[in-house]
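This report covers pockets and salt bridges. Please have the structure open while reading.

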Amino acid sequence: MTKADRMFPDISISTERLVLRPLEDADAPAFAEMMNDEMVAAWTAVPQPYTETAALGWINEYAPTERIAGRGLDLAVTEFLTQRLVGIVQLTNTNWRLGATEISYIIAPWARGEGYASEAALATAQWLFREQRLERIELRTAAGNTASQQVAQKIGCISEGVLRNAFIARTRSEDGTLTDQRTDLILWSLLPEDLEGVADELAEASGYTAFSEWN
């Protein structure tokens, strides 16, 4: 298989608190509930309302197709102790010749404030650099999405600039409908050397041991 023909393997990544694994049919109810959250509606293009049928389509059609085509990877983020779904990490727009991919993440409303986004994104980045030999990870955050920007900073991303008017966010009107609102995107990048010391800093700040393993 040439570099241009590569695809991501079926992978499970473990941290002290989380297990990142392929999405399963049993995830559909929680996945749909997560995608119907107001923050997800505001900062993503996910259809609203989001149904379990749509979730199953993502799990059984979209995610496998993207992985086999070599374009990306979708990983369920689950708690190690409870096994409940608490989010998703997604890789898209992968360029194997360039050794680059784009990462995004969503954390469910019932699991926010625990540092799960940083922990999951950092573990994924470590795996991408060490095992997949990628050289660049990109991240795009809407100008008003401060929570996502904080995650980018925590895992060592460097801001490279602003993509003006490059994103459409959504706001909820008084009648309950979603209204499109054009906004800027901040472009971030992460290189292998940017991770030096990041795991230790996260561990010190959060109180959990920052390690990851994969199989």
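Which helices and strands each supply at least two residues of the lining of the largest pocket?

## Largest pocket

The model is predicted. Four helices each give at least two residues to the lining of the largest pocket: helix 2 (38-43), helix 3 (52-68), helix 4 (116-130) and helix 5 (146-154). Strand 4 (85-95), strand 5 (100-107), strand 6 (136-142) and strand 7 (158-172) each do so too.

The space in this pocket comes to about 1,000 Å³. Its lining counts 39 residues. T44, Y105, I106, N145 and S148 lie nearest the centre. By class, the lining holds 21 nonpolar, 12 polar and six charged residues.

## Second largest pocket

The second largest pocket has a volume of about 180 Å³. Its lining is made of 14 residues. Nearest its centre lie D10, P22, A63, P64 and R67.

Helix 3 and strand 3 (73-79) each supply at least two lining residues here. Helix 3 gives the most, with six. The lining splits into 10 nonpolar residues, one polar and three charged. Helix 3 also appears among the contributors to the largest pocket.

## Salt bridges

Side chains of opposite charge can pair when their charged atoms come close. The structure holds 12 salt bridges. One of them joins R17 and E119, with the closest N and O atoms 2.6 Å apart. This pair links distant parts of the chain, 102 residues apart. R17 sits in the loop between strand 1 (13-15) and strand 2 (18-22), and E119 in helix 4.

Is E119 buried or exposed? E119 counts as buried, because its relative accessibility is 4% and the cut-off for buried is under 20%.

E66 pairs with R71, and their closest N and O atoms are 2.8 Å apart. E66 is buried, at 11% relative accessible area. R71 is partly exposed, at 39%.

## A shared network

R140 and E102 meet in a salt bridge at 3.1 Å, N to O. R140 lies in strand 6 and E102 in strand 5, so the bridge ties together parts 38 residues apart in sequence. R140 is partly exposed, with a relative accessible area of 31%. E102, at 15% relative accessibility, counts as buried.

Which residues do salt bridges with shared partners join into one network? They are E102, R136, E138, R140 and E160. Strand 5 and strand 6, which hold E102 and R140, each also supply at least two residues to the lining of the largest pocket.

Terms used:
Residues are numbered from 1 along each chain as its sequence is written. This is a predicted model: local features need pLDDT of at least 70, side-chain atom pairs count only at pLDDT 80 or more; totals for chains, interfaces and linings use all residues. Side-chain values use heavy atoms; hydrogens and water are left out. On a 1 Å grid over the protein atoms alone, a cavity is a set of points where a 1.4 Å probe fits but cannot get out, and a pocket is an open set with protein on both sides within 12 Å along at least five of seven lines; lining residues have an atom within 4 Å of a point. Grid points are joined across faces, edges and corners, and a volume is the space filled by probe spheres set on the points. Ala, Val, Leu, Ile, Met, Phe, Trp, Tyr, Cys and Pro count as nonpolar, Asp, Glu, Lys and Arg as charged, and the others, Gly among them, as polar. A salt bridge is a side-chain nitrogen of Lys or Arg within 4 Å of a carboxyl oxygen of Asp or Glu. Buried means under 20% relative accessible area, exposed over 50%, partly exposed in between (1.4 Å probe, protein chains only).
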